[in-house]
Amino acid sequence: MEHDPFEFFAEVRASEPVYWHAASDDRSGFWVVAGHADVVACYSASGALASGRGTVLDVLLRGDDSAGGRMLAVTDRPHHRELRALMWRALSPKVLDTVARKVEQRTAALIERAVGLETFDFATEVAEHVPMNTICDLLSIPETDRPELLRWSKGALTGADELDSLEARNELVLYFMDLAEKRRVDPGGDVISTIATGLIQGEPLSLEDVALNCYSLIIGGDESSRVSAVSTVKALAEYPEQWQALRAGQVDLDTAVEEALRWATPSFHFARTATRDHVIGGRQVRAGDIVTLWNISANNDEQAFSNPRFFDLSRSPNKHVALGHGPHYCLGAFLGRAELRALLSVLAATVRDLEVTGASTRIQSNFLNGYSSLPMRFLPK
């Protein structure tokens with residue numbers, strides 16, 4: 001990244017925490033919301049700030065999201081409430097607990113293979129295998145299909161160009177439409193079957209709508225968890241006193257997970273569209289305006305977090321917005337936390353020391369925040 005986002009947003013919060021970013025070329029302007037309190041308030045104001053047109057700035061600047069009103073992340077009430085209830089039924093405690101146990105086993109096996117190697121890429125050899133397989137377990141995806149799904153998932157948000165990203169998204173949707181059709185005919189106890197056979201106001205979802213919501217689970221569950229794991233391991237190497245406290249059992253694992261999430265902040269921003277005139281931080285927003293909520297700034301706001309650029313596994317309270325807030329709070333929060341908890345637990349139990357052995361590669365995106373490569377060495381106990 002050419003510029004430091006933390007320095008930039010610190011200046012924004014100090015000077016103009018809610019401001020209008022003027023239009024440029026053929027793209028419209030948009031509001032930037034940087035302060036923690038204002039971001040939280042905006043996430044809660046779903047009546048005035050809608051998601052249906054899209055929730056990613058680049059998409060909104062090009063027009064409406066094609067999945068608007070159909071995929072959970074880009075729907076508004078009342079359909080959002082009904083669709084979310086259906087998705088929640090699919091994510092039953094029994095299903096989630098079974099998948100979470102597999103998370104621990106898979107994480108332990110991956111780290112065990114990495115311990116003692118002279119160097120390895122944590123991002124590609126460990127981090128990318130846990131969340132994708134976790135979501136695939138949840139959806140009962142055949143093992144043979146998973147490498148292709150991982151490739152499409154990575155390409156959907158970080159493709160070489162827009163055409164590559166579009167192709168990856170289309171491949172995912174077509175794959176899930178085919179799977180949804182089969183599960184509707186012969187359902188099982190998996191999430192796809194539950195969504196494909198579920199009813200909203202007495203009617204089943206179209207196969208494309210089922211596929212779009214499976215796509216949303218894959219993208220959200222894979223990308224955000226993967227980059228959070230990479231960011232967490234990098235931070236542990238850069239803050240040795242925090243690593244030693246974790247190893248010694250001096251920090252609560254659940255508290256540590258929240259700091260890992262805040263520190264990683266996997267999505268730089270989410271966007272909304274004003275449905276009516278609305279005041280944000282004293283600024284008058286007009287109906288139709290695009291409003292961007294910058295998680296990366298909110299999670300490093302000095303008004304909400306003491307010394308925010310210090311990685312503190314014992315930080316409490318920790319009211320971060322890494323998983324969103326309000327009606328659109330992350331549906332996969334339980335599994336995201338379970339994956340980070342397993343990572344921290346296994347590292348503390350099996351690794352004596354860890355170090356970065358080369359230059360990390362940052363993902364080039366204004367939406368996904370993290371690293372695509374992180375050379376590491378894990379020393380055995």
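This passage describes the internal spaces and the charged pairs of a predicted model.

Two cavities of 30 Å³ or more are counted in the structure. The largest cavity has a volume of about 100 Å³, and its lining is made up of Thr-107, Phe-122, Val-126, Ala-127, Val-130, Pro-131, Ser-225, Ala-229, Gly-336, Glu-339, Leu-340 and Leu-343. Two or more of these lining residues come from each of the helices α6 (122–127), α7 (129–139), α11 and α15 (333–350), with α15 giving the largest share, four residues. In terms of class, the lining of the largest cavity consists of eight nonpolar residues, three polar residues and one charged residue.

The second largest cavity holds about 30 Å³ of space and is lined by Ala-123, Glu-128, Arg-226, Val-230, Tyr-371 and Ser-372. Here at least two lining residues are supplied by α11 and at least two by β13 (371–373), and the lining divides into three nonpolar, one polar and two charged residues.

Helix α11, which spans residues 207–238, also contains Asp-222. This aspartate has a relative accessible area of 0% and is therefore classed as buried. Leaving aside residues up to four places away in sequence, Asp-222 touches Glu-128, Pro-131, Met-132, Ile-135, Leu-150, Ser-153 and Leu-217. Of these contacts, Pro-131 is listed in the lining of the largest cavity, whereas Glu-128 is listed in the lining of the second largest cavity.

Among the pockets, the second largest has a volume of about 370 Å³. Its lining comprises 20 residues, with Pro-5, Phe-8, Phe-9, Trp-294 and Asn-366 lying nearest the centre of the pocket, and the elements that contribute two or more residues to this lining are α1 (5–15) and α3 (57–62). The lining of this pocket contains 11 nonpolar, six polar and three charged residues.

Side chains of opposite charge can pair when their charged atoms come close. The structure contains 23 salt bridges, one of which joins Arg-226 to Glu-223, with 2.7 Å between the closest N and O atoms. Because Arg-226 and Glu-223 are three residues apart in helix α11, about one helical turn separates them, and both residues are buried. Arg-226 is also one of the residues that line the second largest cavity.

Two further salt bridges connect helices α13 and α15. In one, the side chains of Asp-254 and Arg-341 meet at an N to O distance of 2.9 Å; this pair links distant parts of the chain, since Asp-254 in helix α13 (residues 253–264) and Arg-341 in helix α15 are 87 residues apart. Asp-254 is partly exposed, its relative accessible area being 42%, and Arg-341 is likewise partly exposed, at 37%.

In the other, the side chains of Arg-337 and Glu-258 meet at 2.6 Å, N to O, and the pair again links distant parts of the chain, with Arg-337 in helix α15 and Glu-258 in helix α13, 79 residues apart. Arg-337 counts as partly exposed because its relative accessibility is 25%, whereas Glu-258, with a relative accessible area of 17%, falls under the 20% limit and is therefore buried. Apart from these pairs, Arg-106, Asp-137, Glu-143 and Arg-146 are linked in a network of salt bridges.

Conventions:
Residues numbered from 1 in each chain as written. Predicted model: local features only at pLDDT ≥ 70, side-chain atom pairs only at ≥ 80, totals over all residues. Heavy atoms only, no water. 1 Å grid on protein atoms, 1.4 Å probe; cavity = no way out; pocket = protein on both sides within 12 Å on 5 of 7 lines; lining within 4 Å. Points joined across faces, edges and corners; volume = space filled by probe spheres on them. Nonpolar A, V, L, I, M, F, W, Y, C, P; charged D, E, K, R; others polar. Buried < 20%, exposed > 50% of the residue type's maximum accessible area, 1.4 Å probe, protein only. Contact = heavy atoms within 4.5 Å. Salt bridge = Lys/Arg side-chain N within 4 Å of Asp/Glu carboxyl O.
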